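Reader: I am new to this one. Could you show it to me and let me ask how you know what you say about it?

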Amino acid sequence: MNIAANLSLLFSELPLVDRVLAAKQAGFDGVEIQFPYELPAIQLKEALARADLPLLLINLPAGDLMMGGAGLAAVPARQVEFDQALQQALTYAAMVRPCWVNVLPGRLLEGLTAEQAWACLRANLHSAAEAFAPLGIGVLCEAINPLD
């Protein structure tokens, strides 16, 4: 069985770049990082190479989602921000080569119908899948629960 360490949550007493080696030393087979963008991609790439660990997953930047907002992927009025987040993730992923990129669907914005949000999310997932396909990186959408 292969087990990956979520470096956004584990070894948090260490700087992000040092968590990769800590995961290797703890016996993990790979790592995932929710939002690695604070660390220059070249530094993460070098840390992964030193530890001989694959990067399994990163999240696309999600705007205000982690602060309780609606996020980007299912909000039509935030399309420009989603497109910028997609470009940022593409640039980063081209260097660090995760197996997967997670597009967080976000929360239903007040005043938006579920159908409008779903249509926006579907279109953005399609765009992301097309953008990452040439890099051989899969795109997934991780719905956490039916409330948000």
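Author: Here are some questions and answers about this predicted model.

Reader: Glad to hear it. Which elements does the protein chain have, and how do they run from the N terminus on?

Author: The protein chain holds 4 helices and 5 strands. Starting at the N terminus, they come in the order β-α-β-α-β-α-β-α-β.

Reader: What makes the protein chain as compact as a globular protein of that length?

Author: Set two values side by side: the radius of gyration is 16 Å, and the globule rule gives 15 Å for 148 residues. The two are close, so the chain is as compact as a globular protein of that length. As for its extent, the C-alpha trace spans about 50 × 30 × 30 Å along the principal axes.

Reader: How much of the protein chain is buried, and how much area is exposed?

Author: Of the 148 residues, 41% are buried. The chain exposes about 8,100 Å², with 58% of that supplied by carbon and sulfur atoms.

Reader: Among contacts between residues at least 6 apart in sequence, what share joins residues at least 24 apart?

Author: That share is 72%.

Reader: Let's go to single residues. Why does Arg78 count as buried or exposed?

Author: The cut-off for buried is under 20% relative accessible area. Arg78 has 17% relative accessibility, so Arg78 counts as buried. You will find Arg78 in the loop between strand S3 (55-59) and helix H3 (79-96).

Reader: And how do you know that Arg78 and Asp64 are joined by a polar contact?

Author: Such a pair of N or O atoms must be within 3.5 Å. The side chains of Arg78 and Asp64 are joined at 2.9 Å, as a polar contact. Apart from neighbours within four places in sequence, Arg78 is in contact with Gly63, Asp64, Gly71 and Leu72.

Reader: Why is Asp52 called buried or exposed?

Author: Exposed means over 50%. Asp52 has a relative accessible area of 60%, so Asp52 is exposed. This residue sits in the loop between helix H2 (41-51) and S3.

Reader: What is phi of Asp52, and what is phi of Phe11?

Author: Phi is near 55 degrees in Asp52 and near 60 degrees in Phe11. Each value is positive in a residue other than glycine. Most residues other than glycine have a negative phi. Phe11 belongs to the loop between strand S1 (4-6) and helix H1 (16-25).

Reader: One last thing: how far apart are the mean positions of the positive and negative charges?

Author: For the 8 positive and 15 negative charges of the protein chain, the mean positions are 6 Å apart.

Methods: Residues are numbered from 1 along each chain as its sequence is written. This is a predicted model: local features need pLDDT of at least 70, side-chain atom pairs count only at pLDDT 80 or more; totals for chains, interfaces and linings use all residues. Side-chain values use heavy atoms; hydrogens and water are left out. Helices (H or I, at least four residues) and strands (E, at least two) are DSSP runs, numbered from the N terminus. The radius of gyration is taken over C-alpha atoms; the globule rule is 2.2 Å times the number of residues to the power 0.38. Buried means under 20% relative accessible area, exposed over 50%, partly exposed in between (1.4 Å probe, protein chains only). Contact means heavy atoms within 4.5 Å. Accessible areas come from the Shrake-Rupley method with a 1.4 Å probe; for residues, only the protein chains shown count as cover. Lys and Arg count as positive and Asp and Glu as negative; His and the chain ends are not counted. The place of a charge is taken as NZ of Lys, CZ of Arg, CG of Asp or CD of Glu. A polar contact is a pair of N or O atoms within 3.5 Å; within protein, one must be able to donate a hydrogen and the other to accept it, and residues adjacent in sequence count only if both atoms are side-chain atoms.
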